[in-house]
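Here's a quick walk through this chain, starting with a strand pairing and working outwards. Have the model open as you read.

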Amino acid sequence: MAFDLSDPDRTIQVGVILFDSETEILDVAPVDLLMGLTKPFISALPIQDSMKAQGLDVEFHWVNQTGKTAKLTSGITIQCTDSFESCPTLDIVLMGAHTPGYSPKESELAFIRKAYESCSTFLFICGAFDAALRAGLLEGKTATAPRMLLGKLRQGAAGTNWVERRWARDGKMWTSGTLLNGLDMMRAFARETWTDRKEMVETVLGVGGWPVRDVDYKDEPDVLDGREVSW
């Protein structure tokens with residue numbers, strides 16, 4: 001029987017895939033919303049028992065090729081929990097941007113493909129679209145990316161329907177605009193996935209001050225005034 005992420009009957013396996021390159025810290029920070037929905041965190045909040053009972057069992061994995069240390073921006077080094085070889089099958093996968101100019105290794109792309117094939121949801125935040133594109137996962141899909149890159153992507157990767165939104169969903173694939181648009185995407189993902197736990201989800205979102213912004217950028221002008229940059 002297929003695993004139902006919206007009504008899990010076992011521990012949810014969440015994985016953050018990291019490159020042999022610095023990963024943007026703000027890109028992977030939205031994973032912490034999932035921590036906020038776990039039973040240990042929920043049970044510590046001053047909320048009704050009915051909401052505490054809705055908490056999720058979640059196990060987190062920080063994954064790179066070696067399972068050793070990985071680098072995030074701003075001088076952060078993180079000890080990974082798993083290598084590509086030791087990592088269990090993941091239900092929710094999240095990736096952030098690698099350093100501009102870095103070309104993901106074939107072993108990294110192969111693991112991304114493997115994780116995508118077996119997961120329930122894959123969240124590509126900000127420049128992580130590049131790895132998804134290189135892995136061949138965006139062909140025929142609807143996706144988004146940082147606004148200033150969309151014009152060039154529509155020309156260079158015409159097999160994807162690029163939309164100008166904070167986040168986009170095509171089946172189990174989610175993509176987002178730059179950096180903090182990952183917060184908007186994670187908010188939407190949680191609300192769409194755990195509708196039967198709406199009371200808990202909305203409480204955690206409210207307590208955490210997760211942003212409520214227009215998905216089509218109607219509340220934010222294009223600060224580059226139509227100018228484009230290269231990735």
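## A parallel pair

Let's start with strand E1 (residues 12-17) and strand E6 (residues 92-95): they pair in the parallel sense, over 4 bridges. If you want a spot to look at, pick Val16, whose bridge partner in E6 is Leu94. Bear in mind that this is a predicted model.

## The sheet around it

Where do E1 and E6 sit in the sheet? The sheet has 7 strands and runs E5-E2-E1-E6-E7-E11-E10, so to speak from one end to the other, and it is an open sheet with mixed pairing. Its edge strands are strand E5 (82-83) and strand E10 (167-170), each of which pairs on one side only.

## A hairpin

Now over to strand E3 (residues 69-72) and strand E4 (residues 76-79), which pair in the antiparallel sense over 4 bridges. The two form a hairpin with 3 residues between them. In that turn, Ser74 has a positive phi of about 65°.

Which residues of E3 are covered, and which are uncovered? Ala70 and Leu72 make up the covered face, while Thr69 and Lys71 make up the uncovered one. That fits the usual pattern, because side chains in a regular strand alternate between the two faces of the sheet. Ala70 also has a place in the pairing: it stands opposite Ile78 in E4.

## Gln54 in its loop

Is Gln54 buried or exposed? Gln54 lies in the loop between helix H4 (49-52) and strand E2 (58-64). Its relative accessibility is 15%, and buried means under 20%, so Gln54 counts as buried.

As for its company, leave aside residues up to four places away in sequence, and Gln54 touches Arg197, Lys198, Glu199 and Met200.

## The whole chain

Stepping back, the chain's secondary structure comes to 9 helices and 11 strands. Why call the overall size that of a compact globule? A compact globule of 231 residues would have a radius of gyration near 17 Å, and the chain agrees because it has 17 Å. Along the principal axes, the C-alpha atoms fill a box of roughly 50 × 45 × 40 Å.

Of the 231 residues, 50% count as buried. Among contacts with a separation of 6 or more, 67% come from residues 24 or more positions apart.

On the outside, the accessible surface is about 10800 Å², with 50% of it belonging to carbon and sulfur atoms. The chain carries 24 positive and 33 negative side chains, and the centres of those two sets lie 2 Å apart.

Note on methods:
Residues numbered from 1 in each chain as written. Predicted model: local features only at pLDDT ≥ 70, side-chain atom pairs only at ≥ 80, totals over all residues. Heavy atoms only, no water. Rg over C-alpha atoms; globule rule 2.2 N^0.38 Å. Buried < 20%, exposed > 50% of the residue type's maximum accessible area, 1.4 Å probe, protein only. Contact = heavy atoms within 4.5 Å. Areas by Shrake-Rupley, 256 points an atom, 1.4 Å probe, with all protein chains shown as cover. Lys, Arg positive; Asp, Glu negative; His and termini not counted. Charge placed at Lys NZ, Arg CZ, Asp CG, Glu CD. Pairing = 2+ DSSP bridges.
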